[in-house]
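Hi there,

Here is the structure I promised to pass on. Have a look at it first, and my notes on the cysteines follow below.

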Amino acid sequence: MRKKRFGVLAWILFLLVFSFIETSGIVIEKAEDNSNTLFTPSIALDSNGKAHISHLDNTNGDLRYCNNTAGSWSCVAVDTTNNVGFQSTIAIDSNNVVHISYRDITTSNSRYCNNTGGTWSCADVDLSYSIPG
């Protein structure tokens, strides 16, 4: 049973849809209409059980974010500079603030966005470090 459930969830994530179990069974909702542009999705649930998804819009090279916090799906482009959004990873903190890390394919930089102030803020991540001593 575990193998079958994993295969179903992998397929659902690939198509960028969110599924959740209700008492009546599995409910499937499509977050975005055009599945030809969706690539490398990541999904997280907030403290209210609402889904948040980040993904690369492979047609436009943008990082996109979708959520169903209002009861229906809403999607926006978060970062549209260069070819961004590859390998996105999304996380929701205890205050329901969304955090997304991803790669900028054009510059090979790692980037990070959050919506702490209610609007999206994105920046390159400095991965250089030195070991003291």
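A question to start with: does Cys 113 count as buried or exposed? Cys 113 is buried, because its relative accessibility is 0% and the cut-off for buried is under 20%. Please keep in mind that this is a predicted model.

Cys 113 is also one half of a disulfide, with Cys 122 as its partner and an S to S distance of 2.0 Å. The torsion about this S-S bond is about 115°, so the link between Cys 113 and Cys 122 is right-handed. Cys 122 has a relative accessible area of 27%, which makes this residue partly exposed.

A search of the whole structure turned up two disulfides. Besides the link just described, there is a disulfide between Cys 66 and Cys 75, where the S to S distance is 2.3 Å. That pair counts as bonded because the sulfur atoms lie within 2.5 Å. The link of Cys 66 and Cys 75 is right-handed, with 115° about the S-S bond.

How accessible are these two cysteines? Cys 66 is buried, at a relative accessible area of 0%, whereas Cys 75 is partly exposed, at 22% relative accessibility.

Finally, the connectivity: if you count the bonded cysteines along the chain, the disulfides follow the pattern 1-2, 3-4. In residue terms, Cys 66 is joined to Cys 75, and Cys 113 to Cys 122.

Happy to talk any of this through over coffee.

Best wishes

Terms used. Residues are numbered from 1 along each chain as its sequence is written. This is a predicted model: local features need pLDDT of at least 70, side-chain atom pairs count only at pLDDT 80 or more; totals for chains, interfaces and linings use all residues. Side-chain values use heavy atoms; hydrogens and water are left out. Buried means under 20% relative accessible area, exposed over 50%, partly exposed in between (1.4 Å probe, protein chains only).
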